[in-house]
Amino acid sequence: MSSIFSSVPTAPPDAILGLTAQFRADPDPRKVNLGVGAFRTSSNKPYVLPVVRRVEQQLADDPSSTHEYLPQDGLKSFCDASARLILGADSPALADGRVTTVQALSGTGALRVGFAFVANFISSSTNVYVPKQTWSNHRNVIPAAGLPRALEYRYLDPRTGAVDIAALVEDLDKAPAGSIILLHGCAHNPTGADPTQAQWLQILDVVKRRKLVPFFDNAYQGFASGSLETDAWSVRTFVAAGLDMLVAQSYAKNMGMYGERVGALSVVASSAGAEDAVRSQLKATIRAMYSSPPKHGAMVAAAILGDDKLFAEWEGELVKMSARIMDMRVKLKAALEKNATPGNWDRITSQIGMFSYTGLTSQQVTFMREKYHVYMTANGRISMAGLTDDTVQYVADAMKDAVESVVKQD
C-alpha cells in the first residue's frame with residue numbers, strides 16, 4: 001500500500017543553500033566559498049559582535065528574565081526603536097502617528113507578512129514588480145503570500161555594472177497604478193549597484209506620478225556604507241514624500257544575528273487614522289502564520305538600540321565590518337589588474353555592500369568551481385566577505401583563467 005505522500009514531487013534545491021552544501025562536501029583544501037551571504041572575519045570565521053555578546057550575557061545573568069510569549073506584534077520597545085532607526089527620530093510619519101511597526105522573522109518574515117497583508121487587504125491580484133536582478137527568495141515569497149508571480153523591471157546595465165536608470169524608469173512608467181514596487185533600500189542584492197541620490201529622486205518621481213506603492217527591503221542598513229543614516233536616505237526620502245508604503249528590516253547582517261531571525265515590518269500610511277485597523281490585521285496575519293515572534297534576538301537588539309553607549313559601540317562595529325568588505329573590493333580589483341585579467345573591473349569597487357556582480361557567466365562560474373573549487377552563485381555574484389588576504393590572489397587568478405578559457409555563452 002503506497003503512502004498518500006508518494007506522489008509528492010521533489011522540490012528543486014535552493015540555489016544558494018545548495019551551493020553551501022556542495023562547498024561543505026568538497027574535500028579540496030583550496031576551496032573558497034564566495035556564495036554565503038554572511039559576514040566573515042579576516043580569518044574567514046563567523047563573527048559575533050562583541051556588543052551583542054555582552055548584551056546576551058547580561059540577559060542570561062538577569063534573574064528576572066523569562067521565556068514567556070511575546071504578543072503577536074512583538075516586543076514593543078524593539079518595534080519602536082526599529083521604526084526610529086530606519087525612518088529617523090524626527091520622521092514626520094512617526095510624529096503624525098502614521099506608522100504601524102510589528103516584529104517579524106527577520107527580513108524574509110517581514111516581506112512574507114507584508115505581502116500577505118497586501119493580498120488580503122489591498123487586492124490578491126495586485127501586481128508586484130521586482131528588479132530583474134534581485135534576491136532569489138523575493139520570487140518565492142510573493143506568490144506564497146497569495147499574490148501573482150513577480151513581474152520584473154530592468155535594473156542593471158551589464159556593460160557598466162551600474163544601475164540602468166533610464167530602463168528602470170521606463171519600465172516603472174508602464175506599471176499600473178497601485179502596483180507594489182519592491183526596492184532595495186541600500187546594498188542591492190545581488191548586484192551591489194545602488195542608485196545615486198539623484199537617481200533615487202527620479203525613481204520617486206515616477207512612483208508618485210504613476211501612484212505606485214513602494215515596498216523597501218532593508219537588509220543592510222549601516223552595513224553598506226558603515227553609516228546608519230546614509231543607508232536610510234532612500235527610505236526616508238520616500239517617506240517624506242507622503243506616500244503609502246511598506247518597509248522591511250533585518251538585523252541579520254548589521255547585528256550579525258543571522259539565526260535569531262530579528263526583523264520588523266512597518267506600514268507607513270499617507271494619512272492618519274488607519275493605524276489600529278492595520279495593526280489588528282497584521283496581528284491576525286501573524287497569529288495564523290506563526291503565532292508570535294521569537295524573543296531573545298529582539299531583546300538583544302532593543303537593548304542596543306535603546307542605550308546610547310551600546311548604540312555607539314554598534315556603530316563602531318558597523319564601520320569596521322563595512323571597511324573590511326571595501327578593503328577586499330580594493331584588493332580584488334588590484335589583483336585582477338595586476339594579473340591582467342581581460343575586461344574592466346571598476347565595478348568591483350564602484351559597487352557597495354556585501355556582494356559584487358562580477359559579470360562572470362554561468363559557464364565561467366562552473367569552470368572556477370570545477371577547476372579551482374571556488375564557489376559562487378551561477379549569476380556571477382560573489383560575497384566580498386568570503387574573501388581574505390590569503391585567498392584574494394587565488395580567486396583573481398581563477399577569474400583570469402575563467403575569463404580567458406571559457407567563451408561567453410550567457
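The following questions and answers go through a predicted model, looking at its sheet, its salt bridges and its backbone geometry.

Student: What should I keep in mind about numbering and confidence before reading the values?

Tutor: Residues are numbered from 1 along each chain as its sequence is written, and side-chain values use heavy atoms, with hydrogens and water left out. Because this is a predicted model, local features need pLDDT of at least 70 and side-chain atom pairs count only at pLDDT 80 or more, while totals for chains, interfaces and linings use all residues.

Student: Which residues does UniProt list for the domain "Aminotransferase class I/classII large"?

Tutor: The name comes from an unreviewed UniProt entry, where positions follow the numbering used here, feature names are shortened, and annotations may be inferred rather than shown by experiment. Over the listed stretch the chain is 44% helix and 14% strand, with the end C-alpha atoms 12 Å apart; helices (H or I, at least four residues) and strands (E, at least two) are DSSP runs, numbered from the N terminus. The record lists residues 30–398.

Student: In what order do the seven strands of the open sheet stand?

Tutor: Two strands pair if DSSP finds at least two bridges between them, and the pairing in this open sheet is mixed. Strand 2 and strand 4 (151–153) stand at the edges with a single partner strand each, so one side of each is left without a neighbour in the sheet. The order of the strands is 2-10-9-8-7-3-4.

Student: Which residue of strand 10 stands opposite leucine 105?

Tutor: Strand 2 (residues 99–105) has six of its seven residues buried, where buried means under 20% relative accessible area, exposed over 50%, and partly exposed in between (1.4 Å probe, protein chains only). Strand 2 pairs with strand 10 (residues 262–268) in the antiparallel sense over seven bridges. Opposite leucine 105 stands valine 262.

Student: About what angle does the direction of helix 5 make with that of strand 9?

Tutor: Strand 9 (residues 245–250) pairs with strand 8 (residues 213–218) in the parallel sense over four bridges. Helix 5 (residues 106–121) packs on the sheet, touching strands that include strand 2, strand 8, strand 9 and strand 10, where contact means heavy atoms within 4.5 Å. Axes are lines fitted to C-alpha atoms, for helices over the stretch in contact, and angles run from 0 to 180 degrees between N-to-C directions. The angle is about 160°.

Student: How far apart are the closest N and O atoms of lysine 331 and aspartate 327?

Tutor: These residues are four apart in helix 13 (residues 308–338), which means that about one helical turn separates them. Lysine 331 is partly exposed at a relative accessible area of 31%, and aspartate 327 is partly exposed, also with 31%. They form a salt bridge, defined as a side-chain nitrogen of Lys or Arg within 4 Å of a carboxyl oxygen of Asp or Glu, and the closest N and O atoms are 3.1 Å apart.

Student: Which residue meets lysine 371 in a salt bridge?

Tutor: The N-to-O distance in this pair is 2.7 Å, and the pair links distant parts of the chain, from helix 15 (residues 362–372) to helix 16 (residues 392–405), 30 residues apart. Lysine 371 is partly exposed, with a relative accessible area of 44%, whereas its partner is buried, with 15%. That partner is aspartate 401.

Student: Which residues of helix 7 are buried?

Tutor: Helix 7 (residues 165–172) has six of its eight residues buried, so the rest of the structure largely encloses this helix. The cover over them includes strand 4, strand 6 (162–163), strand 7 and helix 8 (197–209). The buried residues are Ile165, Ala167, Leu168, Val169, Asp171 and Leu172.

Student: Which residue is joined to asparagine 189 by a cis peptide bond?

Tutor: Most residues other than glycine have a negative phi, and most peptide bonds are trans. Here omega is about 25°, and the place of the partner is in the loop between strand 7 and helix 8. The residue joined to asparagine 189 is proline 190.

Student: What is the phi of serine 106?

Tutor: Serine 106 lies in helix 5 and is buried, with a relative accessible area of 3%. Its phi is positive although the residue is other than glycine, with a value near 55°.
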